[in-house]
Amino acid sequence: MFKEASIREPLILGNKSYGDITADVVGPIENKAPKGWYIAITISALIALWGIGCILYLIGTGIGTWGLNKTVGWAWDITNFVWWVGIGHAGTLISAVLLLFRQRWRMAINRSAEAMTIFAVIMAAMFPGIHMGRLWLGYFVFPLPNQFGSLWVNFNSPLLWDVFAISTYFSVSLVFWYIGLIPDFATIRDRIKTPVAKKVYGILSFGWSGKAKNWTRFEEVSLVLAGIATPLVFSVHSIVSMDFATSVIPGWHTTIFPPYFVSGAVFSGFAMVQTLMLIMRKTMRLENYVTIKHVEYMNIVIIVTGSIVGVAYITELFMSWYSGVEYESYAFINRFSGPYLWAYWAMMTCNVISPQLFWVKKWRRSLGFTFVMSIIVNIGMWFERFVIIVTSLHRDYVPSSWSMFHPTFVDIGVFIGTIGIFFTLFLLFARFFPVLALNELKSILKVSGEEHKNKH
Amino acid sequence: MANSVIYAMYDDDQTLLKAAKELVGKGIKVKDCYSPFPVHGIDPVIGVTRTRLGIVSFMFGLGGLSLAMLGTWYFMIHDWPMNIGGKPNFAYHLNMPAFVPILFEFTVFCAAHGMALTYLIRNKTLPGMPAVNPDPRTTDNRFVLEIDSHDNQGMTTDALLEAIKGTEVFELNHKKY
Amino acid sequence: MEELHGTKEFMDSSAKEFKTELPVEEFVAGAAQADLSSGRRDFLKFLGFSVGAATLAACETPVVRAIPYVIKPEQVTPGMPTYYASTFHDGFDYGSILVKTREGRPIYIKGNKDHGHGSLNARINASVLSLYDSTRLTGPRKGSESTTWASADEAIKKALIDANAASAEVVLLTEPIASPSTLNVIAELKANYPSANISHVPYAPVSFEAMSQAYGTANGTPYLDFKSAKVVVCVAADFMNDFPLSAQYTTAYGSARKPEGKWMSKHFQFESIMSLAGSNADVRRAIKPSEEGLVLASIYNHITGQGSSNATSNITKGAAEALKAVPGESLVICGNNDIHCQNIAVAINEALGNIGNTIQKDKTVQLAVGDGTAFASLVSKMNSGAVDVLMMHGVNPAYDSPMAEEFKTGLGKVTNSFSFSSHADETASLCAYIMPSNHALESWNDHHVVSGHYALSQPCIQPLYDTRQYQGTLLAMSAKGGTYYDFIKSTWAGMAQGDATAFWNNALHNGSVDMGLQAPVVAAPVTVKSATQEVTAAAPTNTSGSVSTSIAAVEKTASSASGIEVVLYTKQGIGTGAQATNPWLQELPDPITKVCWDNYITMSPAQAKEMGFTLYMAQETPASVATVEVNGKKVTLPVVPVPGQKAGTVGIALGYGRGANGEHIGNAAFQTKEYGGYDLDDSGNKKPIGANAYALVAMVNGMASYTLSGATVTGTGEEYAIASTQTHHTIMDRESVLKETVLGTFKNGEQNDYNRPHTLKMHEHHEVVDKPIKEVDLWDPHPVEGIGHWWGLSIDLSSCLGCGACITACHSENNVPVVGKDEVRRSRDMHWLRIDRYFTSDMTKEKGEAEGIGTIDMYSKMEIPSENPSVVHMPMMCQHCNHAPCETVCPVAATTHSSEGLNQMTYNRCIGTRYCANNCPYKVRRFNWFNYKAYAKFSEVNPSQDMMGRMVLNPDVTVRSRGVMEKCSMCVQRIQAGKLDSKIKGIPVADGSIETACSEACPNNCITFGDINDTGSKVHGLRNDKRAYLALEEVGTQPSINYMVKVRNREETLA
């Protein structure tokens, strides 16, 4: 059978048997949740409620409750949207792209990374919704037959491309995730004692029996879905970036956006995965599955993407100067020297300078340091979107309408709220779902398991 | 004689594979195999044919693409052509570049979901379907070969059992029906 | 297919219907039936409809019941406007107007440009809204209780009879009246009570009586002929706003400043504050108020050699040279109310031979000339209890008189006080009786404001409330009786040559009639003349003697001036404060500061910096508050630094701070809170907007003086949020947005020198060529040019003076919501049409490169206006781009392009993503952030939340709902109406037959509307003119609106 080079570090530590893996993963679901979990979910649920309250107030009263104005028509809403979509990308990337590249280390993290994707995309999808002046007419964006006769949507609009991209991306990653979950639900079904849970997991597992034919199909489907999801994940953020790239506003109208946004997305996505995995690994005692090696691999991805993003920033500046267009060049001069320079330099430090520290192997493998960095990176990426959106809009072509953006408590409440909702969903996932891909882990046990490595 | 099904349980995928090979070598037809994860190499041994899901998804993708093209053409060019920002919509090919993202996304949408649905249906894995694995442990750490005496008219049940006992079988169940 | 078929039917049927002019409703029904032919997809339609209907029902405005005419009145066709020719006159503003009424409601006022003085300013065309002021008195009042007309009449009759018996003092205090009939009514009244000492005192809060006296034109100022003035020198005269007949003068002035003309007048301005006129001057010098006299004196000295040179001689030299060059064809105007300054001005005009040419003394303008002395003596008489009966109309001395306090105490001593005010305002609320008079649009009246030009006002609607026009009341008191209408007719019968009825009908139809200067005098002479006025009026105005005394006097003023000097001026919107409750005017940005909803202390930035006040104001950076103290009187207001203001001076606008003690003067006159409701002061009264600066006005030898010296300004350390529609003040040297040049370059230079077309370097057949932007395109354009109509506007930056009449016109035509101060502060003003005001900066790209200044440094320096900057006013509205960036990005195709070159906005399709607004390079799209017509925050300010105010809405224009994007539609409702009109007539749309609200309102014809495809049209010509350019042409949006390069009549060096 296939032997992995012994210089590679094992990805599963401890003398694990198939049974142990099941026990380790399903155990927490069977037993009572730790106190920490209850505390965590209470806090995040409260934040979520506050956010939902703000959203209801927003919808009830009007977009005016945000700090937007005639010059800056988008600010935190779309910033958050792009930020969340970006975060979402890591999950699909890990499960799809790394699957294609046969990267075994993905298996320990892909399940929760995909979960993160799903929840992040839900958060993201919320913003284009609530940022609409008339949410209740949101169905206008779908080409539905209607009482007005032949009144259709505008397929030229990048915003409509977004609608298609986001909905496709969300549904496909959901399916991908769930198909992977089915066999593991079956495992729980066959293990768990309490009748109610048995029934529920029975339904969730769709009656999976693990026949040989099922498994062949299963592997085929995973492979093809991965193959489809890979271009999808790149297309989605490219299309998001086209919201800006196809416009005429200096600072938005840039052809470099698609690659720049995608790498930025991966960058922030991996940072968020780090944050979550480090917490989960501790609380759910998964040290043997999510190893230092995993953390290090992800940090390497962060260095690479972080550097790409850095290059993109510099290219932008160069182009603005090289183009010789006064509006273009002013837009960027204004970015780093204008009223919003603090945002620009916050972005620069968080996204370009800080990831470079990961070149030091010691830091790269330090969990504490990684955790702090992962948060810094996500702050930086939020600022990147803020800088792109607000500093381009607030001073565009006609100086008479130049203005500033000042967030209101609703802006802030909605953003914090989405973070609350996100963590609530993730905590529920961690409690009731198999957080590791059992069947996949088992299949690599004999290849990358510590015990087996030592044997040979 | 009455038909009967024999479930030979093994505690490791490699042993299962070995046993399967032996049995097939003795000309015994193995009906199916239940395992907690894909056992690579079992399919050819017990004669499981290759799946055609890949082609299915390609067909769905193709369908999605043509549907998207039809839609964009009908909505933007045929049914109610409008002057939107001066973009040319006199003929489809003039306006088409603006639709590429939509065409792509819809293709992916159809391909992925079409395939996923076919997969679930062909697998008979749908909400509320009963599980048919002979033993709950097969989703944990046990591996089972299913041998139906009906497929092996040539041998008596006892002969079958003998042959199976010859392998490193971990547990043996024999059901009559 | 069905739809196409349907539309065909629709066209036919509609065509048929127009021939046989069926009522509109049936036409609509017919169209609907034609549409019903469609059979397919019905199920889905109904499904969609039910869903849609549910949503609509849930979220749209509730349906308001409409009651159809049971008996359709004659002349009124529902859906068709009716126009009435009338005249606006409030003692300060005057204009011939056409009132547009729909279903009997006046909804819009435009200038009657064919007859009379049809140029309007913002105050006049916004006055239609004050008709629907729900806080007007709904009937006569005795004290604070309402009473009946009968008892009120009883009271006033009794008072007069008693006064007559006691031969006591009866005073009628009114705005300056120029109405022959009204004067006759007063005469009738006097005749009826012979032994009572009845006198009439004309009172003007902002008075030009010094000018009137200096020229010896009783009750008025001489008519100034700007048309033929080649040089205009203004000393503290804002003749475009703060001046009698300002709108007409603006038009005349503009007509003499067309760069294409044979000559272009040259305009010098000497002033302390940056006024509207000053902002349009070719040469502007900042001086202190105390130097105004010196400036005149030195000009006089330059020209005549008499008198002596003084400190200002060097800055007036240029002006004097220019004046000497064109004897008899210039104007020297002094705007202050100082008799000595005016005397010198008269002397200069005498010396230049302007009098009789550009200044016609026999053709007077009876506006804004009160009788300060008479009023002063009245106040003293009142305090001595000598006044028995006091009747007041159109005046509010308790608020706007420098002697307000004395007046109030005096009013308490008046035995019988009657007010004819329409509101229980500061003065009226102190009177024994209020007998509310009609609104001007409900009243008959006649006017003789400009000599020889007789005008009529006619009612356009039945009185909304139980009010009666005061002339009627006076007539009832007189022996004559009868209605005022008949009375006017009889007066006019006296003027008619030939058939009186024909004469009357013609006059009524045109709104006015020109009788020439030899018109028969039909008005009774104005009764009381205060001693001083008669003297000065009689006195020879231009003997060197009086001039030398005046020169001595002004030199004394200059030398005695001390401390900070104060200028009191009136703003474009609020004027004297009579319409302070009009939200359209409150929200009209000041032409210079762009601040709405407040008055403030203007100050030179240098001085503000020195005194440590905030220099830059924005949403979250409020202004510093300071107290101005002069002659022991204080006013505390925020400080707004204005470039061009003379250091050491401050300016304060009059007309604010109304209703300080909780008088019911209107909803919009008070400060509101962020989440709705009024902001109350400690004593529980509503806080007025701004502060009343009339208190500071000083009385100098019987005349109000609006300039003061010896003031102190001290910061209170507090801060106050200011609402401004423009927070960035310079153009940043963006030549493709704004182009200007000087006359020399324009006359002698090539187009490239002042209007460089944008080109792109392209490779064609292996060679580099410069291609015009328009030809550089990725795809074939949609046919707009040369096919059907292509509606467009041409905006001449040379002609735009920034007065803002177009803004209020647009407001009332398009139901633009009023959003109030807090929203404007958050830069969420909803104006479809705005006027961008740019100050020049000392830093330019050339300068930066020449001096090798770093780019970052250069740009930051560009943000700072010069100390005495040139100003450009640039109207900016939707450019109706043919390659509109906003259209492509709308996901639901709610904004699309019409085949006639219009950028259309489909409100009920809009879901409010605001993507279009972000992608608009001109930032002209406006979003409905709230439900302005229902949300509590706007109840006080937005007229459409008021039962009465709602009546001013234009039924042809949707009131937009929350969450919808809106913008300039180029008055598409008028375009459609115009097209239907010519369709009925069966002729092609004639150029000029359609006007947009803005082009119609502009007193200076700076905005021209028309069909660009019609090669004969004016706009076609202008678009292809050498001065024409497209804003931001290189972005490739291909606007349907073009601008014309601004031309200044000055030498390069002075720029």
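**Notes on a predicted three-chain model: Lys673(C), the cysteines and two interfaces**

1. Let's start with one lysine. Lys673(C) has a relative accessibility of 41%, so this residue counts as partly exposed. Please keep in mind as you read on that the model is predicted. Lys673(C) sits in a loop of chain C, the one running between β25 (649–653) and β26 (698–700).

2. What does Lys673(C) touch, leaving aside residues up to four places away in sequence? The partners are Tyr678(C) and Asp679(C). With Tyr678(C) there is a polar approach too: a polar atom of the Lys673(C) side chain lies 3.0 Å from the backbone oxygen of Tyr678(C). Another lysine is worth finding in your viewer: Lys821(C) is 148 residues away from Lys673(C) in sequence, yet their C-alpha atoms are 9.6 Å apart in space.

3. Next, the cysteines. A disulfide is a covalent bond between the sulfur atoms of two cysteines. How many disulfides does the rule count over all chains? The count is zero. Cys886(C) shows why: its closest cysteine sulfur belongs to Cys920(C), and at 6.3 Å that is too far for a bond. Cys886(C) is also buried, with a relative accessible area of 8%.

4. Cys968(C) can be read alongside. Its nearest cysteine sulfur, in Cys878(C), is 5.6 Å away, and Cys968(C) takes part in no disulfide. Is Cys968(C) buried or exposed? Its relative accessible area is 9%, so Cys968(C) is buried.

5. Now to the interface of chain C and chain A. Here 72 residues of chain C are in contact with 70 residues of chain A. About 5800 Å² is buried between these two chains, with carbon and sulfur atoms giving 56% of that area.

6. The polar side of the C–A interface deserves a look. Five salt bridges are counted between chain C and chain A. In one salt bridge, the side chain of Lys845(C) meets that of Glu326(A) at 2.9 Å, N to O. Polar contacts between chain C and chain A come to 42 residue pairs, both residues being at pLDDT 80 or more.

7. Which elements of chain C face chain A? Those supplying at least two residues each include α3 (42–59), β34 (834–839) and α29 (855–862) of chain C. The largest share comes from α3(C), with seven residues. By residue type, the side of chain C that touches chain A has 30 nonpolar, 20 polar and 22 charged residues.

8. The interface of chain A and chain B comes next. In this pair, 55 residues of chain A are in contact with 63 residues of chain B. The buried area is about 5200 Å², and carbon and sulfur atoms give 66% of it. Three residues to highlight are Phe155(A), Phe206(A) and Arg217(A), which supply 13% of the area that chain A buries against chain B, more than any other three residues.

9. Finally, the polar features and make-up of the A–B interface. The rule finds one salt bridge across it, and Arg50(B) and Glu220(A) meet in a salt bridge at 3.8 Å, N to O. There are 19 residue pairs in polar contact between chain A and chain B, both residues at pLDDT 80 or more. On the side of chain A that touches chain B, α1 (18–30), α5 (158–191), α7 (212–245) and α15 (438–448) of chain A give two or more residues each. The largest share, 18 residues, belongs to α7(A). This side of chain A divides into 29 nonpolar, 16 polar and 10 charged residues.

Definitions and conventions. Residues are numbered from 1 along each chain as its sequence is written. Chains are lettered from A and ligands numbered from 1 in the order in which they are written. Side-chain values use heavy atoms; hydrogens and water are left out. Contact means heavy atoms within 4.5 Å. Buried area is the accessible area (1.4 Å probe) that two parts lose on being put together, summed over both. A salt bridge is a side-chain nitrogen of Lys or Arg within 4 Å of a carboxyl oxygen of Asp or Glu. A polar contact is a pair of N or O atoms within 3.5 Å; within protein, one must be able to donate a hydrogen and the other to accept it, and residues adjacent in sequence count only if both atoms are side-chain atoms. Helices (H or I, at least four residues) and strands (E, at least two) are DSSP runs, numbered from the N terminus. Ala, Val, Leu, Ile, Met, Phe, Trp, Tyr, Cys and Pro count as nonpolar, Asp, Glu, Lys and Arg as charged, and the others, Gly among them, as polar. Buried means under 20% relative accessible area, exposed over 50%, partly exposed in between (1.4 Å probe, protein chains only). A disulfide is a pair of cysteine sulfur atoms within 2.5 Å.
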